Amino acid sequence: MADFLGEFREVLARGEDLPTLPNLVFELHAALDQEDVRTNSVAAIIEKDPALATRLLRVANSSAFYRGTEIASVGSAIQMLGLNQVRALSFALAVVSAFSGRRGGLGLRSFWHHSAAVATTARNLALCIRAGKVAPDEAYLGGLLHDVGLLLLDQYFPEWLQQSLANAYTSSEPLYTSEESLLGVDHGEIGGFLLGRWSLPPTIVQMVASHHSPANSPAAHRNGCWMVHAAEVICSGHGLSLSVEGLHVEQSNRMMDALRDHGYDISPMLDELAETSDELANALV
């Protein structure tokens with residue numbers, strides 16, 4: 001336990017061994033924070049990075065967002081998606097790029113397919129449960145990035161991940177509990193450390209850090225943490241889990257029953273979730 005935490009803190013302190021986000025992303029978010037921000041100024045920033053612009057157009061034209069008319073320009077994509085969704089997607093696309101240069105044991109395609117499913121489910125929960133006061137775009141970004149700590153383990157600490165996976169397999173427990181026992185933290189907390197280093201909003205950092213332990217999250221962010229947790233649990237019961245995590249289908253059934261008991265039925269959305277997530281994953285990677 002202490003060995004991993006010591007090694008991880010040392011890497012965090014050095015910084016140069018970790019993935020980084022491009023400065024353009026922070027320039028974009030500074031512009032979006034301005035009260036009088038204009039679509040053309042945001043588009044001009046995005047268009048400085050042709051790869052980011054291309055991926056944003058692919059996402060805008062995916063079935064997750066498609067509105068019946070092909071989006072051919074960054075400006076049109078911004079108008080269709082809205083500034084808050086562009087903010088969320090630009091962070092997510094930057095994270096995809098940050099990890100795409102290295103290869104670990106996890107398949108990036110299946111990883112982002114699962115992440116897209118959780119993101120879409122979390123956003124739908126936020127739209128349904130208005131009393132939770134969680135912004136749908138924040139829930140979406142928290143869902144999309146919820147397992148980024150798993151990517152970090154896979155690509156930068158593969159031996160520790162393999163030990164955690166072996167322990168989880170032997171004990172028939174979920175991966176995150178094996179990580180807690182062996183590493184002293186789970187991959188949610190590891191992802192939270194990284195996103196905090198990247199200066200992402202505290203709400204997003206906590207959604208990621210506490211998505212396996214929402215009851216222990218700070219009160220100000222707890223609703224969002226529960227939303228991402230619920231989204232992942234639901235996806236695990238509908239064929240959209242990340243198999244290495246070892247989450248149990250029974251939890252998904254209980255979560256769906258609890259939502260129905262409170263008047264929320266997201267079953268119609270789940271019927272199209274696999275196809276939507278598959279297309280969005282294609283757009284991301």
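This passage walks through some aromatic rings, a pair of packed helices and a few single residues in a predicted model.

Let's start with the rings. A pair of aromatic rings is described by two things, the distance of the centres and the angle of the planes. Searching the whole structure turns up six aromatic pairs. In one of them, F4 and F8, the ring centres sit 5.6 Å apart and the planes meet at just 10°; planes under 30 degrees apart count as stacked, so this pair is stacked. Both residues belong to helix α1, which covers residues 2-14, and because they are four residues apart there, about one helical turn separates F4 from F8. As for the surroundings, both F4 and F8 are buried.

F8 has another partner as well. Together with F157 it forms an aromatic pair, this time edge-to-face, with 5.8 Å from centre to centre and 70° between the planes. Here the two rings come from distant parts of the chain: F8 is in helix α1, while F157 is in the loop between α9 (148-156) and α10 (158-171), and the two positions lie 149 residues apart in numbering. How buried or exposed are these two rings? F8 has a relative accessible area of 1%, and since anything under 20% counts as buried, F8 is buried. F157 comes out at 2%, so F157 is buried too. Step back a little and the ring pairs turn out to link F4, F8, F157, W160 and F193 into a cluster.

Next up, a pair of helices. Two packed helices are described by the angle between their axes and by the distance between those axes. Helix α8 (residues 136-144) packs with helix α13 (residues 202-209) at an angle of about 45°, and their axes are 9 Å apart. Angles under 35 degrees count as roughly parallel and those from 65 to 115 as roughly perpendicular, so α8 and α13, falling in neither group, are oblique to each other. Their crossing is right-handed. Which residues make the contact? On the α8 side they are E138, A139, L141 and G142, and on the α13 side T203, I204, M207 and V208. Sorted by character, the residues of this contact are five nonpolar, two polar and one charged.

Now for two serines with a backbone quirk. S172 is not a glycine, yet its phi is positive, at about 55°. S172 sits in the loop between α10 and α11 (175-183). With a relative accessible area of 59%, S172 is exposed, because exposed means over 50%. S199 is also a residue other than glycine with a positive phi, in this case near 65°. The place of S199 is the loop between α12 (187-197) and α13. At 57% relative accessibility, S199 counts as exposed.

Another serine, S164, is found in helix α10. Its relative accessibility is 0%, so S164 counts as buried. What is S164 in contact with, leaving aside its neighbours within four places in sequence? The list runs L175, S178, E179, L182 and L183.

Last comes T54, a residue of helix α4 (residues 50-60). Its relative accessibility is 44%, which lies between the limits for buried and exposed, so T54 counts as partly exposed. T54 and A72 are 18 residues apart along the chain, and their C-alpha atoms are separated by 9.9 Å.

How values were computed:
Residues numbered from 1 in each chain as written. Predicted model: local features only at pLDDT ≥ 70, side-chain atom pairs only at ≥ 80, totals over all residues. Heavy atoms only, no water. Phe/Tyr/Trp six-rings, centres within 6.5 Å; stacked < 30°, edge-to-face > 60°. Buried < 20%, exposed > 50% of the residue type's maximum accessible area, 1.4 Å probe, protein only. Axes fitted to C-alpha atoms, helices over the stretch in contact; angles between N-to-C directions. Parallel < 35°, antiparallel > 145°, perpendicular 65-115°, else oblique. Left-handed = near helix turned anticlockwise from the far one by under 90°. Contact = heavy atoms within 4.5 Å. Nonpolar A, V, L, I, M, F, W, Y, C, P; charged D, E, K, R; others polar.
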